[in-house]
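User: I would like to go through this model by question and answer. Please keep the replies short.

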Amino acid sequence: MVKIFIGGLPDNIQEMDLAIWVSLHGRVETIKVVRDRATGKCKGYAFLEIYSLPDAKNIVSTLNGETFKGNVITVKISEEESGAKTAKPKPNPNANQTFKNKRPRLQR
């Protein structure tokens, strides 16, 4: 599956409206509309998982720059594809620090 980004969405977008609009151009597997926790309004973008790369390319070429519910939409393939995730080691923030020797404790 290929992950695509859709930006420029109106704040009152519903997942089903977006699914119907996009599915006319390719097979949609999942939709995640990013919403504000407090208000529940869309933050203006969503991520979709598309069944195949040809479908994703068709969606991007067809819908990028189009108008949807009064807004100009940006559609692009996400750089991090959901099927090709690789585990990257987390950087150690203390790796480059030299350790200071502690003073010996005084025996009483």
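User: What pLDDT does the chain average?

Analyst: This is a predicted model, so confidence comes first. Of the residues, 78% score at least 70. Over residues 81–85 the pLDDT is below 50. The chain average is 83.

User: How many contacts does the stretch 81–85 have in the model, beyond near neighbours in sequence?

Analyst: The pLDDT of residues 81–85 is below 50. Contacts with near neighbours in sequence are set aside here. The number left is seven.

User: In what order do the four strands form the sheet?

Analyst: The sheet is open, and its pairing is antiparallel. E2 (28–35) and E6 (74–77) each have a single partner strand, so one side of each lacks a neighbour in the sheet. From one strand to the next, the twist averages 20°. The order is E2-E3-E1-E6.

User: Which residue of E3 is the bridge partner of Val33?

Analyst: E2 and E3 (residues 42–50) run antiparallel and are joined by six bridges. They form a hairpin with six residues between them. In the turn, Gly40 has a positive phi of about 80°. The partner of Val33 is Ala46.

User: Which residue of E3 stands opposite Gly7?

Analyst: E1 and E3 are antiparallel, with six bridges joining them. Ile6 stands opposite Ala46 in E3. For Gly7, the residue opposite is Tyr45.

User: Where in E6 is the residue opposite Ile4?

Analyst: E1 and E6 run antiparallel. Four bridges join them. Ile4 stands opposite Ile77.

User: What angle does the direction of H1 make with that of E2?

Analyst: H1 (residues 15–23) packs on the sheet. It touches E1 (2–7), E2 and E3. The angle between the directions of H1 and E2 is about 135°.

User: And which strands does H2 touch as it packs on the sheet?

Analyst: H2 spans residues 53–63. Its direction makes about 155° with that of E6. The strands touched are E1, E3 and E6.

User: Which residues of H1 are buried?

Analyst: Cover for the buried residues of H1 comes from several elements, including E1, E2, E3, H2 and E4 (67–68). The buried residues are Leu18, Ala19, Trp21 and Val22.

User: Why do the buried residues of H2 line one face of the helix?

Analyst: Ala56, Ile59, Val60 and Leu63 are buried in H2. Their cover includes E1, H1, E3 and E6. Pro54 and Ser61, on the other side of H2, are exposed. The buried residues line one face because, seen down the axis of H2, they fall within an arc of 95°.

User: Which residue with a positive phi follows H2?

Analyst: The phi in question is near 90°. The residue following H2 is Gly65.

User: How many residues does the largest nonpolar core have?

Analyst: E1, H1, E3 and H2 each supply at least two residues of this core. Those with the most contacts inside it are Ile4, Ile6, Leu9, Leu18, Val22, Leu48 and Val75. The core has 20 residues.

User: Which residues does Leu48 touch, not counting those up to four places away in sequence?

Analyst: Leu48 is one of the residues with the most contacts inside the largest nonpolar core. So are Ile4, Ile6, Leu18 and Val22, and Leu48 touches each of these four. The full list is Val2, Lys3, Ile4, Ile6, Leu18, Val22, Val28, Thr30 and Ile31.

User: Is Ser78 buried or exposed?

Analyst: Ser78 is found in the segment after E6. Residues up to four places away in sequence aside, it touches Lys3, Ile4 and Phe5. Its relative accessible area is 16%. The cut-off for burial is under 20%, so Ser78 is buried.

User: How far apart in space are Ser78 and Glu49, C-alpha to C-alpha?

Analyst: In sequence, Ser78 and Glu49 are 29 residues apart. In space, their C-alpha to C-alpha distance is 9.8 Å.

Methods
Residues numbered from 1 in each chain as written. Predicted model: local features only at pLDDT ≥ 70, side-chain atom pairs only at ≥ 80, totals over all residues. Heavy atoms only, no water. Pairing = 2+ DSSP bridges. Axes fitted to C-alpha atoms, helices over the stretch in contact; angles between N-to-C directions. Contact = heavy atoms within 4.5 Å. Buried < 20%, exposed > 50% of the residue type's maximum accessible area, 1.4 Å probe, protein only. Core = buried A, V, L, I, M, F, W, Y, C linked by side-chain atoms within 4.5 Å. pLDDT = per-residue confidence, 0-100. Arc of directions from axis to C-beta.
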